[in-house]
Amino acid sequence: VSLYLVGTFVLIALGTGGIKPNVCTFGADQIDPKDPMVEQKKESFFLYFYLTINVGCVVAFGFLANVATGGLPPYIPADEGYFFAYMVAACFMAIALLIYVSGTRLYRQDSFRTNSESVLGLCWNRLLSGRSHILGKVALLGWALIPALIVASIIQAFFTSAALTMVSLVLDILCIVCLCVAHRDNSWLGSADAVTRGLDVVPVLLIGNLVFNVLYNTMSSVFYSQACQMDTRLGSGEHAFKLSGAFFNLADSVAIIVFTPLIERFAIPASERILGRPVSYNMKVYIGIGFAVGSQLIAAVLEYARKGAPELSIGSECAPLLDNGEHVRMSGLSAFWMSIPYAMIGIGEILVNPVLQHVAYEGADPSMRSLVQAFNLFAMGGMPNALSAAMSQATASLVPNDLNMGNLPAVYFINVAFGILGCGVYYLVSSSRPCHQKAGAKSKPSPDEDSNAVQAEQPPVLLGRSGSICRDASKLKDDKDIVSTSPEDGAVA
């Protein structure tokens, strides 16, 4: 057991921390910045990078998870299923490493540049320099709470406690509020530089990830419980093969694989033609959250239909055990209907997660990109999980072991309200934000200059209401990033 804990809590954590913040950054860096379509290609890269992650999820959920728990008779006995699953995963990682190393000569040399000093130390010193300002104190408190959140999460993994969950929730909310208030406008830190540019995107990454991923987490909680109390059989009869509720997670991954090229090649270009303007990053985030909210409404409708369907005399093997030692019985509504809300979450993911990864990449100075991506991953997983745990505990009375005795639709309606409220908060932290330039670059054109004359060496992320990025090369004059301020939306376009 101790060796297993070392693998799961130490080695996987170190591997994830080394790979995830760097692999997407390294991949995007391979696109030649002189390419006239560089921005469009980078945007597509993050979409298809996220698609490939979900190809792996299909293999994991659709094959390895079942082999781990039940083996693959007659080839793999059930008691060797976990060994086989872990070995397959290890072999895939080894093959991936060999492919990565073999392509070394093909990579752009600029992508191998390293920092001469610790970026963490640089950020910390920059924040300390503003500690005399009230917002500086707020920022330091927010960042100091992150290690406390990590420690609380580790303790929660070993001890289940309502008090600990509430402490984690309070720390989570306090941390988010402090960081959003402090970094919505970083002018208190003085002149813009690499650090302030990375800090500019912190509120958007925090709120965008928090709102969407709290709704996303319902896939592994109430969606799963609901699917397990529906008819999970393949075929008919008491002894027909029964699927696990986790199987329907495949609909999420399949939706991402199917809809990513459709959205990138057809839906977005068609929307831009209809609107007569680019589809901004903020628009994508709002639509993605909208799909997640819609998934909650569809799940609520399905729950009403499930409760209205006749109860079968067959227990669901993935449903909880009752006091009489039997599993909760299935309802006569096919669990495959749950593929719809799962797929809607997947479509929402396409429009939120890779978009925020791209925002983190473009919003950060090249020297800070991996660090900002690491923060984005923490905002995607750690912070939403604490809030989801507290919401689950608060609504536990509505979701008893037997859903027929509860009120699951009320939980979905609470989630819908959370998503709508979250969109309002996202609007507040993303609207009327300045487009920070590198230190020394002009921040505004003078009245005598052409309105398209402000230039910067790197295309910064625009966190105004449009949420777009300062575009590069092909759409701008003289292959420079040209920024203009729109009096209509207060954003730079």
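How many of the 25 residues of α12 are buried? The count is 23, so α12 is largely enclosed by the rest of the structure. Keep in mind that this is a predicted model.

Let me stay with that helix for a moment. α12 covers residues 339-363. From its first C-alpha to its last, the helix reaches 35 Å. That is close to the 36 Å expected at 1.5 Å a residue. The helix does bend, by about 40°, and the bend sits at Glu349.

One general reminder about helices. An α-helix has 3.6 residues a turn, so residues three or four places apart point the same way.

Now to the charged pairs. Searching the whole structure turns up eight salt bridges. I will show you three of them.

Start with Lys284 and Glu43. Their side chains form a salt bridge, at 2.2 Å from N to O. Where do the two residues lie? Lys284 is in helix α11, residues 281-308, and Glu43 is in helix α2, residues 38-70. The partners are 241 residues apart in sequence, so this pair ties together distant parts of the chain. Are they buried or exposed? Lys284 has a relative accessibility of 3%, so it counts as buried. Glu43 is at 16%, and Glu43 counts as buried too, because the cut-off is under 20%.

Next, Asp231 and Arg233. Here the salt bridge is 2.9 Å, N to O. Both residues are buried. For Arg233, the relative accessible area is 15%.

Arg233 deserves a closer look. Arg233 belongs to strand β1, which spans residues 233-234. The side chains of Arg233 and Asp231 also register as a polar contact, at 2.9 Å. What else does the Arg233 side chain approach? One of its polar atoms lies 3.2 Å from the backbone oxygen of Gly237. Then set aside the neighbours within four places in sequence. Arg233 is still in contact with Glu238, Ala240, Phe241 and Lys242. Further along the chain, Leu312, Ile314 and Met330 are contacts of Arg233 as well.

The third pair is Arg265 with Glu264. Their side chains meet in a salt bridge at 4.0 Å, N to O. Is Arg265 buried or exposed? Its relative accessibility is 57%, so Arg265 counts as exposed.

To recap. Lys284 in α11 pairs with Glu43 in α2. Arg233 pairs with Asp231, and both are buried. Arg265, in its bridge with Glu264, is exposed. And α12 has 23 of its 25 residues buried.

Technical notes
Residues numbered from 1 in each chain as written. Predicted model: local features only at pLDDT ≥ 70, side-chain atom pairs only at ≥ 80, totals over all residues. Heavy atoms only, no water. Helix = DSSP H or I, 4+ residues; strand = E, 2+ residues; numbered from the N terminus. Buried < 20%, exposed > 50% of the residue type's maximum accessible area, 1.4 Å probe, protein only. Polar contact = N/O pair within 3.5 Å; in protein donor to acceptor, adjacent residues only side chain to side chain. Contact = heavy atoms within 4.5 Å. Expected span 1.5 Å × (residues − 1). Bend = angle between axes of the 7 residues up to and from the residue.
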